Structures are given as structure tokens and as C-alpha cells.
Amino acid sequence: MRIGRAETEAARAACFAVRRAVFIEEQQIPEAEEWDAEDATCLHLLAEDDTGPLGCARLIARGTTAKIGRVAVMPRARGTGLGRRIMEVALDEARAAGFAEALLESQVGVIGFYETLGFAAEGPEYDDGSGILHRVMRRPL
């Protein structure tokens, strides 16, 4: 298993394939809500093995804050600890880049997962346009 920066077009395409499978096809998030201008400039992370792409995440710079988002794990890799490993790599990347904190917008159903990584929820639940309730979460780096 490899988790690292998606620095080639092929690696970014693999990240997008994971997002399409998990968010658009599985969770029925409207395609227009999934893709945005940030995809062209952010840091994408890809988890893969010899069978192909297994998960992804992205980091967006927001001043001294690293916004982590689009964290997704393919169904065949769930329950293996891959999500935690992707997040640990994302947090390491954010620390190495000098960010002071990490922020994410968690789906309400997985808040507990992010709490185990040191994130704390803040503010009310909201629909981000996907039809799925979210909450903002933060943690210092």
C-alpha cells in the first residue's frame, strides 16, 4: 500500500475516480457539487496498491490553516485502517508545510472518526449542498 502526493495527471485522475465512485455514485452527491476550482491548485493525496486506487484526500491552503477535504475510501478498503492512514499522511503534509491548524467539514456520520484523530467539532450542522449534513472540525498541528 502506498499513500503519497498525486503529482501526475494519472495519479490525479485516480483520485478523481475514487471521488466519483464514493461521492457521486455511492452517496449520490450531485456531480456539480463534487468538482470545483480548488481541484486545479490543491495538493491531492492518493492511496493505492497493486489492484489500483483505494482512497484519496486533498489539502487546500487557507492562510495558516490546512483544509483537508474529499477524504474517501473505496468500499473494498473500508475497515482496514486506510482512512486513518490517509488522514495521518494529510496531517503530516500540513505540518511539514508549516500550517498551524487543520480544518475539515465532516459528514455528521463520521465525526467520531475524526475525533479519534484529535479534531473537535464546532458550530451547527449544515447541508453543504450535497444533501448530507456536515459540521466543521478543527485541530491544532
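Contact here means heavy atoms within 4.5 Å, and angles run from 0 to 180 degrees between N-to-C directions. Keep both in mind for the first stop. Also remember as you click around that this is a predicted model.

**Stop 1: the helix across the sheet.** Select residues 82–96, helix α3. This helix lies across β1, β2, β3, β4, β5 and β7. Add β4 (65–73) to the selection and look along both axes: α3 runs at about 160° to this strand.

**Stop 2: the whole sheet.** Now hide the helices and colour the strands one by one. You should see seven of them in an open sheet with mixed pairing. Walking across, the order is β1-β2-β3-β4-β5-β7-β6. Which strands stand at the edges? They are β1 (2–5) and β6 (120–127); each has a single partner strand, so one side of each is left without a neighbour in the sheet. Tilt the view to catch the twist: neighbouring strands are turned by 20° against each other on average, with direction ignored.

**Stop 3: β2, β3 and the turn between them.** Select 43–49 for β2 and 52–62 for β3. The two run antiparallel, joined by seven bridges, and a hairpin of two residues leads from β2 to β3. For a register check, label L45 and find A57 in β3 standing opposite. Next, show a surface and see how much of β3 stays visible. Eight of its eleven residues are buried, so β3 is largely enclosed by the rest of the structure.

**Stop 4: on to β4.** Keep β3 on screen and bring β4 back. This pair is antiparallel too, over seven bridges. Pick R62 and you'll find T65 of β4 opposite. The hairpin here has two residues between the strands, and G63 is the one to click if you like backbone torsions: G63 takes a positive phi near 65°.

**Stop 5: β5 and β7.** Select 101–107 and 133–140. β5 and β7 pair in the antiparallel sense over seven bridges. To fix the register, label E101 and P140, which stands opposite in β7.

**Stop 6: charged pairs.** Time to switch on side chains. How many salt bridges does the structure hold? The count is 17, and three of them are worth a zoom.

Start with R2 and E48, whose side chains meet at 4.0 Å, N to O. R2 is in strand β1 and E48 in strand β2, 46 residues apart. Both are partly exposed: R2 has a relative accessible area of 40%, while E48 comes in at 26%.

Next, select R5 and E93. Their closest N and O atoms are 2.8 Å apart, forming a salt bridge. R5 lies in strand β1 and E93 in helix α3, so this pair ties together parts that are 88 residues apart in sequence. R5 counts as partly exposed, with 44% relative accessibility.

Last, go to R19 and E34, a salt bridge at 2.6 Å, N to O. R19 belongs to helix α1 (residues 9–26) and E34 to helix α2 (residues 31–34), with the two residues 15 apart. Are R19 and E34 buried or exposed? Both are buried.

Don't leave without widening that selection to D36, D39, R58 and R70. Together with R19 and E34 they make one network, joined by salt bridges that share partners.

Key: Residues numbered from 1 in each chain as written. Predicted model: local features only at pLDDT ≥ 70, side-chain atom pairs only at ≥ 80, totals over all residues. Heavy atoms only, no water. Pairing = 2+ DSSP bridges. Helix = DSSP H or I, 4+ residues; strand = E, 2+ residues; numbered from the N terminus. Buried < 20%, exposed > 50% of the residue type's maximum accessible area, 1.4 Å probe, protein only.
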